[in-house]
Amino acid sequence: MDDMKDIQWFPGHMAKTRRQIAKSLPLVDAAAELLDARLPLSSRNPELGALTRRKPRLVILNKADMADPDVTGQWVQYFRRQGCAVITADSKNGKGIKGFAPALRELLSDQLAKYAEKGMKGRPIRVMILGIPNVGKSSLINRLAGGKRAKAEDRAGVTRTQQWIKTADGVELLDTPGVLWPKLDDQEVAVRLAMTGAIRDDILDKEALAARLLALLHTAYPQALETRYKIAPDAEAEGFALLEMMAKNRGMLLPGGVPNTERAAITLLDEFRAAKLGRISLEKP
Ligand code: G4P
């Protein structure tokens with residue numbers, strides 16, 4: 001998916017994606033929507049509900065290893081209340097992956113009972129993975145395929161370009177995940193996605209981005225800032241002043257003792273993305 005990282009979404013892209021999804025959906029029993037557990041709403045495609053219509057939906061809160069476990073628990077409840085099946089996963093290391101097939105079986109229990117009545121008991125469950133770039137679609141597919149990606153095969157009734165990847169437990173995945181666009185018109189969403197590195201941050205001012213992240217952390221996770229950057233939880237400083245504080249405390253100084261806020265910004269973003277500040281969620285239900 002590396003080529004997807006630099007995708008610039010424009011209306012033509014979106015129209016093509018919509019068409020591809022509309023074409024693929026009739027082939028599957030359920031849509032598996034991959035979200036970033038740290039920011040489930042910002043990593044959600046605004047049109048997915050309309051695109052998948054009434055297809056049963058499994059929400060996978062991925063990168064749960066980097067998110068605040070308490071907040072992730074709240075999100076699980078939130079999406080369940082919306083009628084989705086929900087699992088949490090760390091697709092990089094394979095944690096939570098074993099819950100994938102059972103969650104689908106439960107979600108599709110009525111349909112599976114109907115198949116069984118019709119004598120189609122061993123029929124595989126077919127699923128399409130959907131999500132914005134960098135949310136972990138390739139990692140998840142590789143994990144579900146058990147490392148060795150099963151050789152794709154043609155099947156009657158399936159378009160030649162659409163192939164199925166067999167996983168354990170009788171679930172088959174469409175080999176091409178749906179790459180969705182985030183809510184690009186929402187500046188808040190773009191900023192939060194940039195904080196996690198999901199979208200390129202070279203279009204944004206790194207220091208401004210880091211200052212906003214520090215402000216957010218100072219409010220929601222003051223302990224993390226104290227532990228790593230010695231910023232007192234009761235420090236009465238806002239965004240940019242916090243960045244100066246961090247630079248000073250980390251000894252990042254320019255000649256004349258001026259805090260090197262540019263270096264501090266890069267360090268903060270790197271360390272946050274590497275989860276060195278601990279497990280942090282950027283959105284709560
Ligand atoms: P995509 O297909 O949706 O575009 O995403 P992809 O699987 O390529 O994953 C994007 C990045 O996110 C990768 O990191 C991947 O390792 C990481 N990732 C995916 N799922 C998880 C998860 O559940 N937890 C964590 N911590 N990371 C996850 P990368 O920096 O591009 O590569 P690398 O670090 O694997 O070398």
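This is a tour of one chain, stop by stop, with what to select at each point.

**Before selecting anything**

The model is predicted, so local features are given at pLDDT of at least 70 and side-chain atom pairs at pLDDT 80 or more, while totals for chains, interfaces and linings use all residues. Residues are numbered from 1 along each chain as its sequence is written, and side-chain values use heavy atoms, with hydrogens and water left out.

**Whole chain**

Show the full chain as a cartoon. Its C-alpha atoms fill a box of roughly 80 × 35 × 35 Å along the principal axes. The chain has 11 helices and nine strands; these are DSSP runs numbered from the N terminus, helices being H or I of at least four residues and strands E of at least two. Of the 285 residues, 48% are buried, where buried means under 20% relative accessible area, exposed means over 50% and partly exposed lies in between, with a 1.4 Å probe and protein chains only. Among contacts with a separation of 6 or more, 68% are between residues 24 or more positions apart; a contact means heavy atoms within 4.5 Å.

**Two domains**

Colour 14–175 as domain 1 and 205–273 as domain 2; such bounds come from an automatic or database domain assignment. Taken over C-alpha atoms, the domain centres are 38 Å apart.

**Largest nonpolar core**

Select I60, L61, F100, L173 and L268. In the largest nonpolar core, of 84 residues, these five touch the most other members. At least three residues of this core come from each of domain 1 and domain 2. A nonpolar core is a set of buried Ala, Val, Leu, Ile, Met, Phe, Trp, Tyr and Cys residues joined through side-chain atoms within 4.5 Å.

Now centre on L173. Setting aside neighbours within four places in sequence, L173 is in contact with F100, V127, I129, I141, L144, Q163, W164, I165 and T167.

**Helix α6**

Two of those contacts of L173, I141 and L144, lead to α6. Select residues 137–144: K137, L140, I141 and L144 are buried in this helix. Looking down the axis of α6, the buried residues fall within an arc of 95°, so they line one face of the helix; the arc is that of the directions from the helix axis to the C-beta atoms. After α6 comes G146, with a positive phi near 70°.

**Strand β1**

Select residues 30–36. Seven of the seven residues of β1 are buried, so the strand is largely enclosed by the rest of the structure. A30, A32, L34 and D36 lie on one side, and A31, E33 and L35 on the other.

Add residues 125–131, strand β4, which pairs with β1 in the parallel sense over four bridges; two strands pair if DSSP finds at least two bridges between them. Here A30 has V127 as its bridge partner. Then add residues 57–62, strand β2, which pairs with β1 in the parallel sense over six bridges. In this pairing, A32 stands opposite L58.

**E283**

Finish at E283, in the segment after α11 (261–273). E283 is buried, with a relative accessible area of 7%. Beyond residues up to four places away in sequence, E283 touches R38, L39, P40, L41, S42, V71, W75 and R192. Display two distances: the E283 side chain reaches the backbone nitrogen of L41 at 3.0 Å, and a polar contact of 2.8 Å joins the side chains of E283 and R192. A polar contact is a pair of N or O atoms within 3.5 Å; within protein, one must be able to donate a hydrogen and the other to accept it, and residues adjacent in sequence count only if both atoms are side-chain atoms.
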